Amino acid sequence: MSQDVSFLAEAMKQAVPYVKTTGIEFEEVSPTRIVASLPDNASLHNHIGGPHAAMMFGLGESASGAVVMAAFAAHLGKATPLAVRAEIAYKKIAMGAVRAEAVLGRTADEVLAELETGTRPEFPVAITITDAEGVITCEMTVVWTLKPAR
């Protein structure tokens, strides 16, 4: 049975002040894939007039966090999701609005099974950030864990 995660877009704006402050919008939400966008806003620009590198990272990390929340929303009483590490590669200069697609790198069932064995699982989320023309401007991986509740 598919889990309803339609609440997530609004919940992220309420729970994560950065999301609301930067204007990140969640366009597509599922337990395995999230699409989020960052509008073109001069207050978020760098010295060449595009989104600042920190904004690009923040968009990607926020999208990865949203897909993790969507995947494990029903299990938050058992564990807390935490980012472990991240890697980012800036590929092309981004100008204007940008869009991030975050995809869960392992199935939620597989991660939860590992958690049930008493192991603290780690799992990647792959993020691709594109400009309005669909050109890849950035690629990221954020590795997450589920910290068991005590």
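**Notes on a predicted model: core and surface**

1. In this predicted model, the largest nonpolar core has 40 residues, and the members that touch the most other members are F26, F72 and I129. Several elements give two or more residues to this core, namely helix 1 (8-15), strand 2 (33-38), helix 3, strand 4, helix 4 (108-116), strand 5 (122-131) and strand 6 (136-148). Among these contributors, helix 3 gives the most, with 10 residues.

2. I129, one of the three core residues named above, is worth following through its contacts. Leaving aside residues up to four places away in sequence, I129 touches M56, L59 and G60, then V98, R99 and A100, and finally V135, I136, T137, C138 and M140.

3. Helix 3, which spans residues 53-72, also holds S62. The relative accessibility of S62 is 5%, and S62 therefore counts as buried, since the cut-off for that word is under 20%. When residues up to four places away in sequence are not counted, S62 is in contact with M12, Y18, V19, I24 and F26, and the last of these, F26, is also among the residues that touch the most other members of the largest nonpolar core.

4. On the surface, a nonpolar patch is formed by I48, I93 and M95, which together have about 300 Å² of accessible area. M95 lies in the loop that runs between strand 3 (79-90) and strand 4 (98-104). Because its relative accessible area is 42%, which falls between the 20% and 50% limits, M95 is described as partly exposed.

How values were computed: Residues are numbered from 1 along each chain as its sequence is written. This is a predicted model: local features need pLDDT of at least 70, side-chain atom pairs count only at pLDDT 80 or more; totals for chains, interfaces and linings use all residues. Side-chain values use heavy atoms; hydrogens and water are left out. Patches are made of residues with over 30% relative accessible area and no salt bridge: like charges are joined within 9 Å, nonpolar side chains (Val, Leu, Ile, Met, Phe, Trp, Tyr) within 5 Å. Accessible areas come from the Shrake-Rupley method with a 1.4 Å probe; for residues, only the protein chains shown count as cover. A salt bridge is a side-chain nitrogen of Lys or Arg within 4 Å of a carboxyl oxygen of Asp or Glu. Helices (H or I, at least four residues) and strands (E, at least two) are DSSP runs, numbered from the N terminus. Buried means under 20% relative accessible area, exposed over 50%, partly exposed in between (1.4 Å probe, protein chains only). Contact means heavy atoms within 4.5 Å. A nonpolar core is a set of buried Ala, Val, Leu, Ile, Met, Phe, Trp, Tyr and Cys residues joined through side-chain atoms within 4.5 Å.
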